[in-house]
Amino acid sequence: MPRSRLPAGSVLVSLVLLLLVPLGAADARTTLVKEEGRWRLQVDGNPYVAKGVTFSGTSSSAAYDEDCARLAALGVNTLRTWGVGPETQALLDAAHKHGLKVLVGLWMRHGQPGAEDDDSFDYLTDTAGMKKQHADTLEAVRRYKGHPAVLAWGLGNEVILNSPSDAAKEAYARFLEKVVQDIKKVDADHPVVSVDAWVLAVPWWEKFVPSLDAYGLNVYGRGVQVLPAELKKLGVTKPWLVTEFGAQGEWDAPKDANGIPREPDDQEKYAIIVDAWTKLLAPHVAAGDCLGLFVFNFSATFDHTSLWLGMLSGRSTRPAWHAVREAYSGQKPPTPLPEVKGLTVRGVSREPEGAWADVLFEVKDATGRPLEVSFAYNFRGAATRFERGEVIRLKSKPGPTPDSWRVRVPSTVKGPIKLYAFAKDAAGNLMMATSSIAAPANR
């Protein structure tokens with residue numbers, strides 16, 4: 001559901017694949033086996049459970065070696081991508097070097113503008129377009145199937161969610177079945193998974209895509225608690241993976257008095273990741289229906305989605321970074337994270353140099369050392385996709401009382417703004433709290 005998922009520099013154009021030099025390393029075989037009613041992934045005959053993160057990368061492919069080394073140190077063993085492009089070879093090489101596997105994404109176009117992009121592909125009538133997608137997908141499989149970092153193929157992402165009608169959903173599902181069948185003719189050594197939001201695609205997969213080996217489900221927040229029961233209701237007998245996971249998303253969050261979705265606090269973001277893996281999914285891994293988890297998302301961008309769900313902000317670590325480490329390795333943060341108690345906007349006043357918000361930002365460092373505090377805003381009103389993703393820094397100065405701040409806010413935007421308060425400690429941990437400020441006309 002979140003945007004900006006593709007690896008840095010990714011270009012989903014299959015022609016670039018022809019320019020890549022095939023890797024000569026020996027491949028590794030992934031199989032799905034069912035023993036005593038339990039599904040298991042095996043890599044070269046050894047049991048494998050995906051302890052994963054989705055991967056966009058911190059900058060460019062030049063940083064992939066460092067990225068993979070850092071993720072391996074957290075206990076991560078698997079990356080998930082959404083599509084292939086000129087950076088794929090470098091990512092697979094770096095992953096293999098550091099003992100990681102990759103659920104390699106094979107992009108399928110969406111049937112209407114939505115959360116992913118502004119595409120509008122017609123699976124009912126565009127025969128030429130489907131032929132091209134089919135050919136591009138098989139070319140990618142041929143190119144990378146021998147790479148030892150490949151764990152499985154992740155076909156499509158939330159296409160059913162972004163299909164405009166039941167007829168379009170069925171047409172896509174029937175096309176998907178043909179693609180899955182042909183992938184298996186090209187590569188019998190890696191399972192094929194399709195990915196969609198929640199369980200929306202399951203009825204279509206069950207009826208029209210029987211060749212899939214497993215289901216990939218993008219689930220956020222506490223919905224993971226009821227996911228296994230929902231799958232049971234739908235009669236699912238195939239194994240599944242949670243292919244994106246994090247705190248409750250903006251699309252599900254209740255709104256505050258200014259109409260801005262309430263973002264979960266950083267403590268909740270940390271806890272949901274740890275609990276999802278160690279308490280909620282662990283029994284299903286043991287039971288043999290869940291094959292793994294992918295936490296969203298490993299990137300270093302400074303934007304709305306990354307601040308809500310990401311593991312990093314620039315070089316600073318966010319709560320999800322430490323939660324991934326605790327979930328997969330049992331290790332807590334080496335130093336306690338700053339404790340954020342809340343952010344309150346107590347009013348906005350107009351001064352000769354502009355509008356200033358009187359803000360109370362209560363945050364403490366466990367070591368007693370000073371924190372680097374800063375503020376930013378984001379426009380959540382009727383705006384372009386870029387504007388809705390952009391987070392803009394604000395000027396600020398200490399207020400007259402402890403924990404109080406004067407924050408310069410824009411006074412010409414249409415609609416309310418989302419306000420961010422950041423606190424960074426000496427170890428590079430970045431914590432935050434959010435609130436909102438009403439539109440200027442309503443102040």
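This report walks through a predicted model, starting with its barrel and moving on to helices, cavities and a few single residues.

## The barrel

Let's begin with the strands. Eight of them make a closed barrel, in the order E4-E5-E6-E7-E8-E9-E10-E11, and the pairing is parallel. Going from one strand to the next, the twist averages 30 degrees. As a bit of background, strands in a sheet pair through hydrogen bonds of the backbone, and the pairing can be parallel or antiparallel.

Two of the pairings are worth a closer look. Strand E5 (residues 78-80) runs parallel to strand E6 (residues 101-106), and three bridges join them. Across this pair, Arg80 sits opposite Leu103 in E6. Further round, strand E8 (residues 192-197) pairs with E9 in the parallel sense, this time over five bridges. Here Ser194 is the residue opposite Tyr215 in E9.

## Strand E9, hidden away

Strand E9 covers residues 214-218, and five of its five residues are buried, so the strand is largely enclosed by the rest of the structure. Its side chains split into two sets: Ala214, Gly216 and Asn218 point one way, while Tyr215 and Leu217 point the other way. Whichever way they point, all of them are buried.

## Helices around the strands

Now for the helices. Helix H1 (residues 64-73) lies across E4 (50-57), E5 and E11, and runs at about 150 degrees to E4. Helix H7 packs on the sheet too, where H7 touches E4, E10 (240-245) and E11. The direction of H7 makes about 160 degrees with that of E11.

Helix H2 (residues 88-97) has a set of buried residues: Thr88, Gln89, Leu91, Leu92, Ala94 and Ala95. What do they pack against? The buried residues of H2 pack against the strands E4, E5, E6 and E7, along with the helices H1 and H3. Just after H2 comes Gly99, with a positive phi of about 75 degrees. In general, an α-helix has 3.6 residues a turn, so residues three or four places apart point the same way.

## Helix H9

Helix H9 (319-329) is another well-hidden piece: 10 of its 11 residues are buried, so H9 is largely enclosed by the rest of the structure. The buried ones include Pro319, Trp321, His322, Arg325, Glu326 and Tyr328. After H9 comes Gly330, and its phi is positive, near 80 degrees.

## Cavities

How many cavities of 30 Å³ or more does the structure hold? There are three. The largest cavity has about 70 Å³ of space. Its lining is made up of Leu32, Leu41, Leu103, Leu151, Ala152, Pro191, Val193, Ala214, Leu241, Leu291 and Phe294. Strands E7 (150-155) and E11 (290-299) are the elements that give two or more residues to that lining. By class, the lining has 11 nonpolar residues, with no polar and no charged ones. Two names in it have come up already: Leu103 and Ala214 both line this cavity, with Leu103 being the residue opposite Arg80 and Ala214 one of the buried residues of E9.

The second largest cavity holds about 60 Å³. Among the residues lining it are Gly246, Lys269, Ile273, Trp308, Arg318 and Pro319. Helices H7 (266-287), H8 (304-309) and H9 each supply at least two lining residues, and H8 gives the most, with three. This lining is mixed, with seven nonpolar, two polar and two charged residues.

## Two residues up close

Is Thr137 buried or exposed? Thr137 lies in helix H3 (residues 127-144), and its relative accessible area is 4%, under the 20% cut-off, so Thr137 counts as buried. Leaving aside neighbours within four places in sequence, Thr137 is in contact with Leu106, Met108, Leu155, Val179 and Ile183.

Arg29 sits in the segment before strand E1 (30-35). With 44% relative accessibility, Arg29 counts as partly exposed. Not counting residues up to four places away in sequence, Arg29 touches Gln42, Val43, Asp44, Ala188 and Asp189. Lys185 is 156 residues from Arg29 along the chain, and the C-alpha atoms of the two are separated by 15 Å.

Terms used: Residues numbered from 1 in each chain as written. Heavy atoms only, no water. 1 Å grid on protein atoms, 1.4 Å probe; cavity = no way out; pocket = protein on both sides within 12 Å on 5 of 7 lines; lining within 4 Å. Points joined across faces, edges and corners; volume = space filled by probe spheres on them. Helix = DSSP H or I, 4+ residues; strand = E, 2+ residues; numbered from the N terminus. Nonpolar A, V, L, I, M, F, W, Y, C, P; charged D, E, K, R; others polar. Buried < 20%, exposed > 50% of the residue type's maximum accessible area, 1.4 Å probe, protein only. Pairing = 2+ DSSP bridges. Axes fitted to C-alpha atoms, helices over the stretch in contact; angles between N-to-C directions. Contact = heavy atoms within 4.5 Å.
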